Amino acid sequence: MSNEKIFATPLKVDDVADCYFYHTMELPGYGVMEGRDWDLRGGVDEYLGKVAFARQRVLEIGPASGFLTFEMEKRGADVVSVEVTAEHGWDFVPYPAKKLEEVFGPRRIVMQQLKNSYWFSHAALRSKANLYYGDVYNLPTALGEFDIAVMGSVLLHCRDPLRIVEQCGKMARSVVIVDMFHPDLEGAPVCRLAPTPQNFLWHTWWHFSTKFFAQFLAVMGFATSDILRHQQRHRGKAYTLFTIVGRR
Ligand SMILES: C[S@@+](CC[C@H](N)C(=O)[O-])C[C@H]1O[C@@H](n2cnc3c(N)ncnc32)[C@H](O)[C@@H]1O
């Protein structure tokens, strides 16, 4: 399969009202689009593990509005992002069908608006980044090989995070993993199931320790350097995240 066939044709989005900006973005001609979720503008380099992106081919899992896509591109990267298809929708935590059904309709709309925000920004920034809509657990070899794979705040939302790390580790020489920091899990290579019957956390599966990934990356033959901890802003509040960089 050629690249032209697997990458999405850019979607023309004329109206900013059709967009859900997950990230705060600064777009030429439009100004600052306030993100509904994260404002990473103050800490991009820490978020991305202070990795150098010039002339690097990057595989990005889950771009959302594309703030990191375009920041990596700005730093000289050639970015291919992987986003979930409309058919799959999300790795929904399997709560009873009756409860989940209430989520599906609104979620479908938000996901389309999220994708619109990526394409709106892509056009405003005249980006050359490519997007592949597909199954993150079965990435096609036609995507090619990469210098760096970036998994930013996505593994917590996925049923089988290690399969994603494994695939990225096979396709890239370096990997960058970013996730929420949970001090109570530190010291052991563990992950904890986040959903309970009470919290109805249908969109998030896991809390991870840093060692969980460091050890798995070591198993795969990656050397990991110091783990960065950084604060990022979510809906006006600061949260601590970690970034692990693995290199072969
Ligand atoms: C929480 S956002 C993180 C956005 C960005 N990577 C960052 O670090 O700010 C998660 C992204 O991963 C995507 N995503 C979630 N589950 C996915 C899956 N199973 N396959 C592919 N992408 C997925 C979401 O649609 C969204 O774009």
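## Basis of the report

A residue is called buried when its relative accessible area is under 20%, exposed when it is over 50%, and partly exposed in between, using a 1.4 Å probe and protein chains only. The structure is a predicted model, in which local features need pLDDT of at least 70 and side-chain atom pairs count only at pLDDT 80 or more, while totals for chains, interfaces and linings use all residues. Residues are numbered from 1 along each chain as its sequence is written, and side-chain values use heavy atoms, with hydrogens and water left out.

## Salt bridges between separate elements

A salt bridge is taken as a side-chain nitrogen of Lys or Arg within 4 Å of a carboxyl oxygen of Asp or Glu. This rule gives 10 salt bridges. Helices (H or I, at least four residues) and strands (E, at least two) are DSSP runs numbered from the N terminus.

Asp 147 and Arg 173 form one such pair through their side chains, with an N to O distance of 2.8 Å. Because Asp 147 belongs to strand β7 and Arg 173 to strand β8 (residues 172-180), this pair ties together parts 26 residues apart in sequence. Asp 147 is buried at 18% relative accessibility, whereas Arg 173 is partly exposed at 47%.

Arg 235 and Asp 37 also meet in a salt bridge, at 2.7 Å from N to O. Their positions are distant in the chain, 198 residues apart: Arg 235 is in the loop between β12 (228-234) and β13 (237-247), and Asp 37 is in the loop between β2 (31-33) and β3 (38-39). Arg 235 is exposed, with a relative accessible area of 58%, but Asp 37 is buried, with 8%.

## A salt bridge within helix α3

In the salt bridge of Glu 71 with Lys 74, the closest N and O atoms are 2.9 Å apart. The two residues are 3 apart in helix α3 (residues 67-74), and so are separated by about one helical turn. An α-helix has 3.6 residues a turn, so residues three or four places apart point the same way. Glu 71 nevertheless counts as buried at 11% relative accessibility, and Lys 74 as exposed at 63%. Through shared salt-bridge partners, Asp 45, Glu 71, Lys 74 and Arg 75 are joined into one network.

## Ligand surroundings

The ligand is surrounded by 19 residues, each with a heavy atom within 4 Å of it. The closest are His 23, Tyr 47, Gly 62, Ala 64 and Glu 83. A polar contact is a pair of N or O atoms within 3.5 Å; within protein, one must be able to donate a hydrogen and the other to accept it, and residues adjacent in sequence count only if both atoms are side-chain atoms.

Oxygen atoms of the ligand lie 2.7 Å from a polar side-chain atom of His 23 and 2.6 Å from a side-chain N or O atom of Glu 83. A ligand nitrogen atom is 2.7 Å from a backbone N or O atom of Gly 62. Of the 590 Å² of accessible area that the ligand has on its own, the protein covers 97% (Shrake-Rupley method, 1.4 Å probe).

## His 157 and helix α5

His 157 sits in the loop between β7 (146-152) and α5 (161-171). Its side chain makes a polar contact of 3.3 Å with that of Thr 204. Leaving aside residues up to four places away in sequence, His 157 is in contact (heavy atoms within 4.5 Å) with Trp 90, Asp 91, His 203, Thr 204 and Trp 205.

In α5, the buried residues are Pro 161, Ile 164, Val 165, Gln 167, Cys 168, Gly 169 and Met 171. These buried residues pack against β4 (57-61), β7, β8, β10 (206-208) and α6 (210-219).
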